[in-house]
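I want to go through this model slowly and write down what I look up, starting with the strands and ending with the interior.

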Amino acid sequence: MAGDTKMNELGTFLKTRRGELTPRDAGLPEGSGTRRVVGLRREEVAQLASISPDYYTRIEQGRIKVSAPVLNTLAEVLQMDDDQRRYLVSLAGKPSNRAPRRTVQKVQPQLRRLLGDLMATPAIVMGRRMDILAWNDLAAAMMVDFGKIPQKHRNYVRILFTDPVMRALYADWESVAQTAVAQLRMEAAKYPDDPRLSSLVGELSVQDSQFSQWWAGRTVKSLTIGTKTLNHATVGELVLDWDTLVEAHDAEQQLVVWTAPPESATHEALRFLASGAAGETTEQEEGRTTGSG
């Protein structure tokens with residue numbers, strides 16, 4: 001059941017977080033002798049949170065629901081950042097609906113028109129599980145031709161780990177990939193029993209040891225803003241700021257855009273890429289017209 005899955009993950013998440021803190025980090029005496037556990041003991045977390053060790057043990061074992069005040073206290077004790085707090089609250093919330101039972105996500109015509117109008121701005125629309133729902137020509141020219149990827153495999157994290165072009169594209173692929181895994185785990189908190197997401201995680205865990213390691217680390221991060229450096233095969237280095245905008249019709253769809261300051265080398269490179277992408281689109285449309293005669 002979704003509720004049980006979330007409670008078990010909440011306990012595992014707390015265990016992972018306390019394993020990252022030393023007594024010194026938490027302001028406790030380290031004591032003498034060899035410690036049998038990495039990080040804080042359950043008893044130490046309970047002491048710092050002013051709850052009984054038995055109560056905290058049952059939380060980690062997924063046997064009881066946790067109140068908001070206790071959650072807040074545990075987040076303070078385990079020194080969680082904002083993303084970790086959001087993840088913790090999501091796990092402790094009401095069981096979510098199974099995503100696959102819901103209607104298929106569709107990109108609104110207005111948003112598709114916006115993508116097409118962003119001639120010099122690469123942009124994609126991401127949905128649940130970080131699936132890629134739509135993109136413009138420049139995004140395909142900058143990254144990979146998403147149209148050539150089967151729809152069932154059109155997932156940003158999957159492409160990032162399995163496509164050699166994507167691995168070569170990012171100057172710091174490892175950092176980008178770790179962040180993507182952390183963002184995917186935030187998605188998993190919303191739909192813990194989503195079989196498509198479970199299948200994706202299982203597939204990548206078997207195929208890639210780094211994915212398996214990072215997924216087990218339970219690092220979490222929201223999809224917000226940032227800067228990435230790309231080594232593009234045609235135009236060279238691109239230093240891009242990226243931002244995410246939530247679609248009003250469906251809050252589970254996010255428009256991701258990449259921009260660069262005007263007159264910068266990256267901005268000029270994007271304009272060059274855009275002119276090439278527009279030319280390819282025109283040729284394809286002419287070919288379709290000729291072929292349909």
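**Strands and sheet**

I began with one pair of residues and found that Trp 242 stands opposite Trp 258, the latter in strand 5. I keep in mind that this is a predicted model. Looking at the strands around this pair, I saw that strand 4 (residues 236-246) and strand 5 (residues 254-259) are paired in the antiparallel sense, over six bridges.

I then looked up the whole sheet, which is open and made of five strands in the order 2-1-5-4-3, with antiparallel pairing. At its edges I noted strand 2 (132-135) and strand 3 (225-232); each has a single partner strand, so one side of each is left without a neighbour in the sheet. On average, neighbouring strands of this sheet are turned by 30 degrees against each other, if direction is ignored.

**Nonpolar cores**

Next I looked up the largest nonpolar core, which has 45 residues, and I noted Tyr 156, Leu 160 and Phe 161 as those with the most contacts inside it. Helix 10 (residues 173-190) gives the most to this core, with seven residues. Another core, of 28 residues, lies apart from it, and Leu 14, Leu 40, Leu 91 and Val 220 are among its members.

**Cavity**

Last, I asked how many cavities of 30 Å³ or more the structure holds, and I found one. The largest cavity has about 110 Å³ of space. It is lined by 13 residues, of which Met 126, Tyr 156, Gln 183, Leu 223 and Lys 228 are the closest to its centre. Helix 10 gives the most to this lining, with four residues, while strand 1 (123-126) and strand 5 each supply at least two.

Key. Residues are numbered from 1 along each chain as its sequence is written. This is a predicted model: local features need pLDDT of at least 70, side-chain atom pairs count only at pLDDT 80 or more; totals for chains, interfaces and linings use all residues. Side-chain values use heavy atoms; hydrogens and water are left out. A nonpolar core is a set of buried Ala, Val, Leu, Ile, Met, Phe, Trp, Tyr and Cys residues joined through side-chain atoms within 4.5 Å. Buried means under 20% relative accessible area, exposed over 50%, partly exposed in between (1.4 Å probe, protein chains only). Two strands pair if DSSP finds at least two bridges between them. Axes are lines fitted to C-alpha atoms, for helices over the stretch in contact, and angles run from 0 to 180 degrees between N-to-C directions. On a 1 Å grid over the protein atoms alone, a cavity is a set of points where a 1.4 Å probe fits but cannot get out, and a pocket is an open set with protein on both sides within 12 Å along at least five of seven lines; lining residues have an atom within 4 Å of a point. Grid points are joined across faces, edges and corners, and a volume is the space filled by probe spheres set on the points.
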